[in-house]
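Subject: Structure for you to look at

Hello,

Here is the structure I said I would pass on. Please open it alongside these notes.

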Amino acid sequence: MSTTRRPDVAELTDETQRPPGIWVRTAPVRRRVWPLLSVLLGALLWWPAGFWGRQPWLHLPLQGMKGDLLLLGTIAAAASVSLVARSPWPRFVIVLVFSGLGWLIGPVEARYPDEREILVIILAVGAFLGVVLGARGSKGPLAAATVLAVVAGVSPASWPHGAPLAVALALPFTVATWQRVAPTVLSVARILLTWLVFGVLAMAVRSGWGVLHPKLGAGSKRGAIRLVAAAMADFLRTHWWGAAEGLLRGVAGWFWVALAIAVVIGTERALTAALSRRSAPAPGRS
């Protein structure tokens, strides 16, 4: 007759013997505090993420000739909000309220036919794209790193774009293990490539929008869109390599910062694992 018994302490694995870490112990508090904190942080990030150094506080570049800044800045701002505010309604409210506030306090300098309508369309498209891109950031460190790379690539703000890129390149090491060296390296390369692609696209948008000027007769909104699209395609066809090299040179020093952050993350994880093993009861000891 066979009997079943509960496993002794000696038969437990090291993983089950480890006491819960501080991240696990503080999970209930974080679940209660983070929703409100994320909304406040998202509201604080909206304007600096997209328009710092480009416009006065909370103002938007509401001019037809600055449509590229409005589009790229709104994408970066909305993506930053979505990265920290993980619930759909807070994202929507923050983006809508601050877009409307920027529209009201910064009067539209309408000098051309349908300029107000065009600016509204640009603002709506930028907000939609930013929310969609930023929403992926809640899926984990790698997804958050991708969103940071997108924001660093497209934002026209004047803060150092290498700073969020450095954080993005270091985030894959928060989930790295000795058995996952190759996937971690590939994740870092993918994040760097994402930043380069969006950075070059942002430069193409600015170059394409640069062909519009008051003396150029585009004929209609569709004509203006065709001119911008053609100029963007020409830039991507002829200058993509030089643009990518320029972007890399501009942030070369920040790669060392990313390496330093990665070393700190790896050291902290190693120390935490060592302390957990040391504090765990030895096999056979009750």
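The notes below go from the whole chain to single residues.

Please keep in mind that this is a predicted model.

Overall: the protein chain has 11 helices and zero strands, so read from the N terminus the order is simply α-α-α-α-α-α-α-α-α-α-α. Of its 286 residues, 37% are buried. Among contacts with a separation of 6 or more, 71% join residues 24 or more positions apart. The exposed area of the protein chain is about 17,000 Å², with carbon and sulfur atoms supplying 69% of that.

Helix H4: Thr74 sits in this helix. Its relative accessible area is 0%, and since the cut-off for buried is under 20%, Thr74 counts as buried. Beyond the neighbours within four places in sequence, Thr74 touches Trp46, Phe51, Leu69, Leu123, Gly126 and Ala127.

The loop before H4: Leu58 lies between helix H3 (27–51) and helix H4 (67–84). The phi angle of Leu58 is near 70 degrees, a positive value in a residue that is not glycine. Leu58 also counts as buried, at 19% relative accessibility; the limit is under 20%.

Helix H5: on the surface, Trp89, Phe92, Val93, Leu96 and Val97 make a nonpolar patch of about 540 Å². Leu96, one of these residues, belongs to helix H5, which spans residues 88–105.

Regards

Terms used:
Residues numbered from 1 in each chain as written. Predicted model: local features only at pLDDT ≥ 70, side-chain atom pairs only at ≥ 80, totals over all residues. Heavy atoms only, no water. Patch = residues over 30% accessible without salt bridge, like charges linked within 9 Å, V, L, I, M, F, W, Y side chains within 5 Å. Areas by Shrake-Rupley, 256 points an atom, 1.4 Å probe, with all protein chains shown as cover. Salt bridge = Lys/Arg side-chain N within 4 Å of Asp/Glu carboxyl O. Helix = DSSP H or I, 4+ residues; strand = E, 2+ residues; numbered from the N terminus. Buried < 20%, exposed > 50% of the residue type's maximum accessible area, 1.4 Å probe, protein only. Contact = heavy atoms within 4.5 Å.
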